[in-house]
Amino acid sequence: MKALRVLRSFNSSLSSNPSKTHFNSSILHHFYSAQPQEDHPTTLEEDDTSSSVFDSSQYDVVGSENNVSSSTWDEKYRERVKSKVFGEDPLEIKRSSRILIKEEEKRRRAALLARTLLEAAIARPDEEEEDKEDMVVKEKDQMSLSVGIIGAPNAGKSSLTNYMVGTKVSAVSRKTNTTTHEVLGVMTKGKTQICFFDTPGLMLKKSGFPHKDIKARIESAWRSIDLYDVLIVIFDAHRHLTKPDSRVVRLIERMGSEANPKQKRLLCINKVDLIEKKKDLLKVAEEFKDLPGYERCFTISGLKGAGVKDLTKFLMEQALKRPWDEDPLIMSEEVMKNISLEVVREKLLHYIHQEIPYGIDHRLMDWKELRDGSLRIEQHLITHKISQRKILVGKNGSKIGRIGIEANEELRTIFKRNVHLVLMVRVKS
């Protein structure tokens, strides 16, 4: 009350002495609107634990209709200030705010309706016909094909898989050995379904035999080569011209020399968008043209999509008459779980450097579909050392928070529903 009397006297003195400099009314406005906040002291141990967990519910989701910013002050204090100091009528303010809210709601609905009508108007008839065909294709008319994609690390296998499927199913990064296990991507067009299998990077020793990695995933990739209907051997043409690797050449030659009557093999010269001179590209194509094991050779850009149309057309022609393996209209839960892990792993490789991301044990701990249709995904990132945990968490949880926010946004875009992502960083016990 003392503060109220003091400010009243200030206000009266200001009105009685117009020659003096006036205080800014916004200062009084903020002064009166302030409300004391309660302190919640936390121990250092509690703060450290909370910063190692990312929970998307604690962050504002961009574009969410339920995201309404709440005031940090009590409205009673604000109304009291406006009536006492500024002489405004609270009832009149409420009426005008209600009118503004109604007008904003009308505008939002009109914009939503206009956008829906526009999307319906510009929808291509080809896509609608394809969707109808997918729904009415009988089992006896279905055709499918399994395609394995192999190559050296960073050859562009994951980028090609994502482009062919039309959505992100595999992590993409500049770092080597981004793909750690076989990843499935499905493309369905008309009565044909093609299953793409993105595999970890393969290498050969100087002797020409497969390189045995410590982890069993590389050996598994080698064993699965003969299981696909079509095998795509992909390599980076730009790197081959600038910094050729004899191990990559040996891999291409070995796959091209071994003919398999039950399997067609294709050689894909990738990243042609980075090559400026066409003469250099012809040199690369000439180098491997005499290998008998390859049915055809394609020059493509898995990232930009150049040449992928011809590759897709060829694969569609190789499809076999047999039932589909995956539902074309519904993304299976297993595929969705794998995509969630791949998206988080991609962000992890982008923000965490050196050998740390390769030593993290990344696990999916919980997957729940809630009543409102949203997904709750909990993943744990387990490190071997406390120092690694500190690097992954960042100062006050800044790094794990950035990884979680970007991954959560991308998962919402892919799954087309709200996603509640929880990431927990802990040390292996």
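Which residue forms a salt bridge with D229, and how far apart are the closest N and O atoms?

## A bridge between distant segments

In this predicted model, D229 pairs with R322 in a salt bridge whose closest N and O atoms are 2.3 Å apart. D229 lies in the loop between α8 (216-223) and β5 (230-236), and R322 in the loop between β8 and α13 (333-351), so the pair ties together parts that are 93 residues apart in sequence. D229 is buried, at a relative accessible area of 17%, whereas R322 is partly exposed, at 28%.

## Further salt bridges

The structure holds 18 salt bridges. One of them joins K271 to D236, with 3.2 Å between the closest N and O atoms. Because K271 belongs to the loop between β6 (264-270) and α11 (278-287) and D236 to strand β5, this pair connects parts 35 residues apart in sequence. D236 is buried, with a relative accessibility of 11%.

Another salt bridge, at 3.7 Å from N to O, links the side chains of D273 and K304. D273 is in the loop between β6 and α11, while K304 is in the loop between β7 (294-299) and α12 (308-317), so parts 31 residues apart in sequence are tied together. D273 is partly exposed, at 34% relative accessibility, and K304 is exposed, at 58%. In addition, K168, E346, K347 and E410 are joined into one network by salt bridges that share partners.

## Positive surface patch

K138, K140, K191 and K321 form a positive patch on the surface. Among these residues, K321 lies in strand β8 (residues 320-321). K321 has a relative accessible area of 65% and is therefore exposed, the cut-off for this class being over 50%.

How values were computed
Residues are numbered from 1 along each chain as its sequence is written. This is a predicted model: local features need pLDDT of at least 70, side-chain atom pairs count only at pLDDT 80 or more; totals for chains, interfaces and linings use all residues. Side-chain values use heavy atoms; hydrogens and water are left out. Patches are made of residues with over 30% relative accessible area and no salt bridge: like charges are joined within 9 Å, nonpolar side chains (Val, Leu, Ile, Met, Phe, Trp, Tyr) within 5 Å. Accessible areas come from the Shrake-Rupley method with a 1.4 Å probe; for residues, only the protein chains shown count as cover. A salt bridge is a side-chain nitrogen of Lys or Arg within 4 Å of a carboxyl oxygen of Asp or Glu. Lys and Arg count as positive and Asp and Glu as negative; His and the chain ends are not counted. The place of a charge is taken as NZ of Lys, CZ of Arg, CG of Asp or CD of Glu. Helices (H or I, at least four residues) and strands (E, at least two) are DSSP runs, numbered from the N terminus. Buried means under 20% relative accessible area, exposed over 50%, partly exposed in between (1.4 Å probe, protein chains only).
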